Amino acid sequence: MTSICFVSETGRSERPISDPSVRYRCYHPAEVLAGQGNFVSVYSAAQFYKDPNFDYDVYVFHRPNTARKNFLHVLRHLRSAGKSLIADYDDLIFGDEEIALQSSAAKNGTLTTERAIAAFASNLSGLREFDKVTVSTAPLALRVKEFNPEADVSVVPNIIPPSILSVHGELETHLAPRPHTAIGYFAGTKSHDRDFPVVADALHRVLMENPDFTLMVIGPVAVPRALAALPNVSTAPVVNFLRLPGLMTLCSTVIAPLEMSDFNACKSRVKFLEAALSGCRLLASPIPDMQAVGPARLGLMESLDDWYEALSAPVNSVDYKPQAAENFEFLRSTSHVDNLTTFWSEA
């Protein structure tokens with residue numbers, strides 16, 4: 001048995017599981033590892049550095065940041081004790097000023113220019129403290145090697161864990177009938193305000209031409225006024241992640257538009273995982289991690305015309321069942337963290 005401690009730099013320090021990033025990078029792999037007989041814990045950085053526990057064999061630091069009080073002191077102690085230390089990333093949150101200003105936080109005004117640059121610099125400083133790094137996507141691995149050339153880097157893709165797969169497998173959520181003309185957009189954070197315009201014009205045209213089609217937008221994303229005013233468009237606040245698959249069964253198609261940028265090129269396949277869990281067809285911008293899933297499992301939209309043509313084609317839930325079943329099996333077959341366990345066993 002190995003003992004593993006995940007430490008996440010999250011703003012939701014009292015309830016880190018409510019942070020989608022922490023769920024995918026800490027809680028989901030923790031569940032798989034615990035199922036293999038390991039002892040696993042998840043801490044927020046605020047909790048851990050206030051009262052650190054030095055008794056684990058392996059420490060995975062999700063989004064480590066040198067601005068965190070006691071960060072360097074704790075790392076030195078763990079390193080001197082011979083512990084396995086791994087940094088983990090699921091977004092391009094480190095780098096120089098140019099990269100910082102491409103981030104969604106900077107573009108959407110969540111962070112000022114000065115704060116974005118400072119945040120990326122302290123994240124970069126954190127990255128350079130580690131010689132082992134795990135990432136969610138291949139492009140992110142290249143970025144790690146760019147800024148920390150001596151590091152060993154392993155791609156550990158995001159997964160849906162067995163507990164969630166077993167529940168929805170028994171319920172056959174992915175095979176549930178749903179309106180064939182229902183489109184959904186599920187934005188967990190405000191960071192997608194620059195992404196939604198990628199598809200907004202195509203959506204507006206489709207919904208105007210097909211009044212029986214509907215669009216449901218869930219989450220804090222800004223919907224263009226002309227689109228929000230249509231009678232077949234509805235909006236609602238973000239929902240608890242456990243309710244998400246059930247809510248998505250109200251849709252036959254789910255969209256994942258992204259503005260093409262170096263920042264978004266490093267993003268992961270999470271939207272596909274959630275669509276496959278609920279049995280929805282996914283139409284997505286062709287970021288590398290979506291391309292890695294493969295065009296047989298989702299629609300990759302290269303242009304506005306692609307979005308319009310795909311959105312105009314309704315999805316018959318009966319005809320889509322074989323594809324939905326195949327996508328669900330893909331989730332089952334990839335619900336492991338072998339790249340992570342191999343990585344630390346080589347230490």
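## Notes on a predicted model: two sheets, their helices and a few odd residues

1. A search through the whole structure turns up 0 disulfides. Bear in mind that this is a predicted model, so everything below describes that model. Why no bond at Cys-251? Its sulfur sits 5.7 Å from the closest cysteine sulfur, the one in Cys-280, and that is too far for a bond, since a disulfide needs the two sulfur atoms within 2.5 Å. Cys-251 is also buried, with a relative accessible area of 1%.

2. Cys-266 tells a similar story. For Cys-266, the closest cysteine sulfur belongs to Cys-26 and lies 19 Å away, too far for a bond. Cys-266 counts as buried too, at 2% relative accessibility.

3. Now for the sheets. One of them is open and built from 6 strands, in the order S2-S1-S3-S4-S5-S6, with parallel pairing. Which strands stand at the edges? They are S2 (39-44) and S6 (152-155); each has a single partner strand, so one side of each is left without a neighbour in the sheet. From one strand to the next, the twist averages 20°.

4. If you want a place to start looking in that sheet, try S1 (residues 3-8) beside S2. The two run parallel and are joined by 6 bridges. One spot to find on screen is Ser-8, which stands opposite Ser-44 in S2. Helix H1 (residues 20-35) packs on this sheet and touches S1, S2, S3 (58-62), S4 (84-89) and S5 (132-135). The direction of H1 makes about 170° with that of S1.

5. Helix H7 (residues 138-147) is another one to look at here. H7 lies across S4, S5 and S6, and runs at about 170° to S6.

6. There is another open sheet with 6 strands, and its order is S9-S8-S7-S10-S11-S12, again with parallel pairing. At its edges you'll find S9 (233-236) and S12 (299-300), each pairing on one side only. Strand S8 (residues 214-218) runs parallel to S9, with 4 bridges joining the two. Within that pair, Met-216 stands opposite Ser-234 in S9.

7. Which strands does H9 lie across? They are S7, S8, S9 and S10, and H9 runs at about 140° to S8. H9 also has a helix partner. Helix H9 (residues 197-209) packs with helix H15 (residues 304-312) at an angle of about 35°, and their axes are 9 Å apart. The crossing of H9 past H15 is right-handed.

8. What makes that helix contact? On the H9 side it is Val-198, Val-199, Asp-201, Ala-202, Leu-203, Arg-205, Val-206 and Glu-209. On the H15 side it is Leu-304, Trp-307, Tyr-308, Leu-311 and Ser-312. Sorted by class, that gives 9 nonpolar, 1 polar and 3 charged residues.

9. Stay with H15 for a moment. Its buried residues are Trp-307, Tyr-308, Ala-310 and Leu-311. What do they pack against? The answer is H9 together with three strands by name: S7 (182-186), S10 (253-256) and S11 (281-284).

10. Asp-305 also belongs to H15. Is Asp-305 buried or exposed? Asp-305 is exposed, with a relative accessible area of 52%. Asp-305 and Ala-202 are 103 residues apart in sequence, yet their C-alpha atoms are 7.6 Å apart in space.

11. Last, a couple of backbone angles to check. Most residues other than glycine have a negative phi. Arg-63 has a phi near 60°, a positive value in a residue that isn't glycine. You'll find Arg-63 in the loop between S3 and helix H3 (71-80), and at 19% relative accessibility Arg-63 counts as buried, because the cut-off is under 20%.

12. Glu-172 is the other one to look at. Its phi is near 55°, again positive in a residue other than glycine. Where does Glu-172 lie? It is in the loop between helix H8 (162-171) and S7. Glu-172 is partly exposed, with a relative accessible area of 44%.

Notes: Residues are numbered from 1 along each chain as its sequence is written. This is a predicted model: local features need pLDDT of at least 70, side-chain atom pairs count only at pLDDT 80 or more; totals for chains, interfaces and linings use all residues. Side-chain values use heavy atoms; hydrogens and water are left out. Axes are lines fitted to C-alpha atoms, for helices over the stretch in contact, and angles run from 0 to 180 degrees between N-to-C directions. A crossing is left-handed if the near helix is turned anticlockwise from the far one by less than a right angle, and right-handed if clockwise. Contact means heavy atoms within 4.5 Å. Ala, Val, Leu, Ile, Met, Phe, Trp, Tyr, Cys and Pro count as nonpolar, Asp, Glu, Lys and Arg as charged, and the others, Gly among them, as polar. Buried means under 20% relative accessible area, exposed over 50%, partly exposed in between (1.4 Å probe, protein chains only). Two strands pair if DSSP finds at least two bridges between them.
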